[in-house]
Amino acid sequence: MAISHLKSGKPETERAQDDAKVRATVEAVLADIGARGDAAVRELSARFDRYDPPSFRLSPSEVEAALQKVPARDMADIRFAQDQIRRFAEAQKASLRDIEVETLPGVILGHRNIPVQSVGCYVPGGKFPMVASAHMSVLTAHVAGVPRIIASAPPVGGEPHPAIVAAMHLGGAHEIYVLGGMQAVGAMALGTETIRPVDMLVGPGNAYVAEAKRQLFGRVGIDLFAGPTETMLIADDTVDAELCATDLLGQAEHGYNSPACLITNSRRLAEGTMAEVERLLAILPTAETARASWRDYGDVILCDTHDEMLGVANDMAYEHVQVMTDRDDWYLENMHSYGALFLGPRTNVANGDKVIGTNHTLPTRRAGRYTGGLWVGKFLKTHSYQRILTDEAAAMVGEYGSRLCMLEGFVGHTEQCNIRVRRYGGRNVPYGQPALAVKAAE
């Protein structure tokens with residue numbers, strides 16, 4: 001058995017050099033925002049977006065004016081997409097429940113699912129205004145019950161993008177800002193004189209936005225570590241080269257560094273897809289971007305068997321994984337590391353990105369090995385609680401706790417347990433000594 005790369009992208013060493021440059025830039029920008037607040041944000045907005053309004057936050061009248069600019073057909077499409085996303089998010093939330101159990105007589109343990117109290121949702125809007133990202137972050141946070149949702153997107157053509165504003169507003173945003181990139185993420189997380197900081201940041205973005213979220217993690221929560229969008233096709237001879245090439249380029253157009261990969265056990269399909277990619281690049285309006293991604297980040301991997309294809313796919317752990325084979329359900333059962341699966345030739349990443357109902361904010365750069373994507377549960381914190389109802393239970397648990405704390409040398413911990421054994425168990429435990437078992441004491 002053999003695995004061969006018919007086409008490979010940039011080596012990891014070159015990609016790491018690109019990352020280092022981004023990291024240094026973001027670190028300096030966040031430090032500036034932390035030190036100078038609104039003044040730094042305004043300078044950054046003027047420099048990067050050529051946008052310097054009296055206020056970055058839209059007033060209700062400005063929101064309404066933006067809504068009036070959205071054509072009726074576009075507004076209906078936005079509402080349709082949000083209906084699908086809302087239904088799925090509500091079903092996900094219904095699967096989560098608070099619990100309370102009596103693990104021992106008189107000992108009550110439980111947990112409650114509590115919404116994060118404030119969330120900042122970033123919506124990209126540079127080369128492509130990502131209207132759908134507002135659904136995915138704002139609407140999902142709203143379904144989760146987050147009481148303060150702020151949303152920010154860069155200006156497009158020197159003004160708020162009407163459809164993005166509409167999606168934010170209909171999704172349930174409480175505050176809407178026209179602010180882009182690192183300055184938006186930094187302002188929402190660190191706070192300024194005019195923007196109260198949030199507890200959590202969510203949403204996709206370019207390399208600088210992703211790096212800003214990474215550096216801010218800990219000070220605030222984030223949905224996940226996200227890099228450039230990735231797409232992988234796992235395909236065999238049940239599909240053709242045109243379909244595969246179309247799906248690869250459909251995601252490669254996101255940016256100059258968007259990985260696109262075909263894994264197949266068919267040399268005919270592999271070679272045909274590479275030829276078809278070149279044909280489509282000659283007619284694709286976004287070919288300049290897609291060509292750079294395909295040249296530097298495109299892979300075609302030829303395997304002998306489906307087991308090899310599965311192993312390679314799980315190891316690469318790509319964000320979007322389209323499975324188009326004679327055994328799609330087998331991949332569904334055996335894939336364990338990915339962002340989202342798209343099963344069968346009728347399904348595609350574009351539908352997942354925009355309308356079908358699942359969330360499109362997904363793990364990249366192999367993060368699918370340890371986390372899933374954004375969903376309603378990301379906005380809910382599961383908090384445990386404990387209650388002891390009877391004297392007997394307090395004394396019994398306290399006795400075990402006393403000895404286990406002393407085993408680790410924590411005398412103060414031990415006394416927390418001992419005082420309950422004395423008060424509720426009526427036993428004379430010497431100060432600073434472990435509580436002996438009742439039978440041993442007798």
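This text leads through a buried strand and its neighbours, a buried helix and the cysteines of a predicted model.

The strand β9 spans residues 231-235, and because five of its five residues are buried, β9 is largely enclosed by the rest of the structure. Both of its faces are covered: Thr231, Leu233 and Ala235 are buried on one side, while Met232 and Ile234 are buried on the other.

Two strands pair with β9. Strand β10, residues 260-264, runs parallel to β9 and is joined to it by five bridges; within this pairing, Thr231 has Ala260 as its bridge partner. Strand β12, residues 320-324, is likewise parallel to β9 and joined to it by five bridges, with Met232 standing opposite Val321. The connection with β10 includes helix α9, residues 241-252: β9, α9 and β10 together make a right-handed β-α-β unit.

Helix α7, residues 181-190, is also largely enclosed by the rest of the structure, because ten of its ten residues are buried. Among them are Gly181, Met182 and Gln183, as well as Met188, Ala189 and Leu190. After α7 comes Gly191, which has a positive phi near 80°.

The cysteines remain to be considered. A disulfide is a covalent bond between the sulfur atoms of two cysteines. A search of the whole structure finds zero disulfides. For Cys244, the closest cysteine sulfur belongs to Cys261 and lies 11 Å away, so the two are too far apart for a bond. Cys244 is buried, with a relative accessible area of 0%, and Cys121 is buried with a relative accessible area of 0%.

Terms used. Residues numbered from 1 in each chain as written. Predicted model: local features only at pLDDT ≥ 70, side-chain atom pairs only at ≥ 80, totals over all residues. Heavy atoms only, no water. Disulfide = S-S within 2.5 Å. Buried < 20%, exposed > 50% of the residue type's maximum accessible area, 1.4 Å probe, protein only. Helix = DSSP H or I, 4+ residues; strand = E, 2+ residues; numbered from the N terminus. Pairing = 2+ DSSP bridges. Right-handed = clockwise from strand over helix to strand, strands pointing away.
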